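Visitor: I'd like to learn how to read a protein model feature by feature. Could you walk me through one?

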Amino acid sequence: MSETYYGATKGGFAISFGADPVINFVGNMFNGTSGQKFDGFKGLGSDLFNGATISGKYMLEDDLALTLGLGFNNESEKKHEYNDFSDLEEKTSVETNASHNFMVLVGAQKLLRPGKRLQPVLGLNLAYCYSNANYTRNNDKVNDVTVYNGHPAHTLGLLANVGVEYFVARNISLSATVDLGICKTWTKGTYDNSDNDENNYSRVEYSNYKLKTGQFGGNLAMNFYF
């Protein structure tokens with residue numbers, strides 16, 4: 001009887017999703033609760049990115065894969081104000097609040113025990129992240145003043161990760177990795193000071209950057225191989 005080969009061989013591929021929702025569901029099902037929440041690994045959101053990622057890998061060899069990860073988290077809210085309920089065509093102000101986050105990861109992963117149920121993994125990724133988490137824009141049409149507040153940040157990082165992958169079935173696994181590396185973040189922000197008076201108005205622009213090394217978080221994922 002031949003030994004079961006876990007995962008994919010050369011030419012195969014896998015799709016990965018964050019495993020937190022699955023762990024929450026199973027935990028609540030067995031405990032008879034509805035509010036239990038897994039708060040383990042914080043992922044790249046700890047330093048680089050505020051959002052969830054979907055990733056995949058293509059097997060270049062039985063023990064070597066090309067990896068790609070994408071993530072986004074965008075929210076927007078717009079509020080209109082009117083002076084006269086009878087005239088809803090005449091807006092007095094339009095306020096926009098938004099949060100925009102995007103990330104892409106490109107790299108490679110080395111499997112140390114390909115085909116085994118428990119597989120240690122090593123990876124290296126180049127990461128780019130964009131975040132403008134607290135964007136606001138208030139257009140006061142009465143005083144003809146627009147107040148803006150935005151702090152867009154760009155991050156470029158080189159991340160190494162180490163972890164393990166455990167197969168619960170031949171083509172399904174759970175993986176846990178920790179990210180270590182170096183990244184640079186630069187921010188160019190703008191914010192306005194105004195009391196809705198066009199004669200008492202100022203705009204401030206600034207820029208800064210951070211260069212740091214260390215642990216940037218971890219990832220807990222569920223992987224499906226094809």
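**Salt bridges first**

Guide: Let's start with a charged pair: aspartate 63 and lysine 110 form a salt bridge, and their closest N and O atoms are 2.7 Å apart. Aspartate 63 sits in the loop between S2 and strand S3 (64–82), while lysine 110 belongs to strand S4, so this pair links distant parts of the chain, 47 residues apart. Keep in mind that this is a predicted model.

Visitor: What is the relative accessible area of aspartate 63, and how does lysine 110 count?

Guide: Aspartate 63 has a relative accessible area of 26%, so it is partly exposed. Lysine 110 is at 34% and counts as partly exposed. The cut-offs behind that word are simple: under 20% is buried, over 50% is exposed, and partly exposed is in between.

Visitor: How many salt bridges does the structure hold?

Guide: The general idea is that side chains of opposite charge can pair when their charged atoms come close. Here the structure holds four salt bridges. One of them joins the side chains of lysine 116 and glutamate 3, at 3.4 Å from N to O. Lysine 116 is in the loop between S4 and strand S5 (118–140) and glutamate 3 is in the segment before strand S1 (13–18), so the pair ties together parts 113 residues apart in sequence. Glutamate 3 is exposed, with a relative accessible area of 62%, and lysine 116 is partly exposed at 30%.

Visitor: Glutamate 165 forms a salt bridge as well; which residue is its partner?

Guide: That would be lysine 57, with the closest N and O atoms 3.4 Å apart. Glutamate 165 lies in strand S7 (residues 153–169) and lysine 57 in strand S2 (residues 53–61), so parts 108 residues apart in sequence are tied together. Now check the accessibility: glutamate 165 has a relative accessible area of 2%, so it is buried. Lysine 57, at 7% relative accessibility, counts as buried too.

Visitor: Let me zoom out. What pattern does the protein chain follow along the sequence?

Guide: Reading along the sequence you get β-α-β-β-β-β-β-β-β-β, which comes to one helix and nine strands. Of the 226 residues, 33% count as buried. For contacts between residues at least 6 apart in sequence, 67% join residues at least 24 apart. The accessible surface is about 13600 Å², and 56% of that belongs to carbon and sulfur atoms.

Visitor: Which residues make up the largest nonpolar core?

Guide: The general idea: in soluble globular proteins, nonpolar side chains tend to be buried together. In this model, the largest nonpolar core has nine residues: Tyr6, Ala8, Ala14, Met59, Ala65, Leu111, Val121, Phe167 and Tyr225. There is also a second, separate core of five residues, including Leu105, Ala127, Cys129 and Leu159. Back in the largest core, take leucine 111: apart from its neighbours within four places in sequence, it is in contact with Met59, Asp62, Asp63, Gln119, Pro120 and Val121.

Visitor: And glycine 107: is it buried or exposed?

Guide: Buried, with a relative accessible area of 12%. Glycine 107 is in strand S4 (residues 91–111). Its C-alpha atom is separated from that of threonine 67 by 5.1 Å, though the two residues are 40 apart along the chain. Beyond neighbours within four places in sequence, glycine 107 is in contact with Ala65, Leu66, Thr67, Leu124 and Asn125.

Visitor: Last topic, aromatics. How many aromatic pairs does a search of the whole structure find?

Guide: A pair of aromatic rings is described by the distance of the centres and the angle of the planes. The search finds three pairs here. Tyrosine 6 and phenylalanine 167 form a tilted one, 5.9 Å centre to centre with 45 degrees between the planes. Tyrosine 6 is in the segment before S1 and phenylalanine 167 in strand S7, so the pair ties together parts 161 residues apart in sequence. Tyrosine 6 and phenylalanine 167 are both buried.

Visitor: Where do phenylalanine 13 and phenylalanine 226 lie?

Guide: Phenylalanine 13 is in strand S1 and phenylalanine 226 in the segment after strand S9 (201–225), 213 residues apart. Their ring centres are 5.2 Å apart and their planes are at 25 degrees, so the pair is stacked. Phenylalanine 13 is partly exposed at 39%, whereas phenylalanine 226 is exposed at 55%.

Visitor: Which residues form one aromatic cluster?

Guide: Tyr6, Phe167 and Tyr225. You met these names before, in the largest nonpolar core.

Note on methods. Residues numbered from 1 in each chain as written. Predicted model: local features only at pLDDT ≥ 70, side-chain atom pairs only at ≥ 80, totals over all residues. Heavy atoms only, no water. Helix = DSSP H or I, 4+ residues; strand = E, 2+ residues; numbered from the N terminus. Buried < 20%, exposed > 50% of the residue type's maximum accessible area, 1.4 Å probe, protein only. Contact = heavy atoms within 4.5 Å. Areas by Shrake-Rupley, 256 points an atom, 1.4 Å probe, with all protein chains shown as cover. Core = buried A, V, L, I, M, F, W, Y, C linked by side-chain atoms within 4.5 Å. Phe/Tyr/Trp six-rings, centres within 6.5 Å; stacked < 30°, edge-to-face > 60°.
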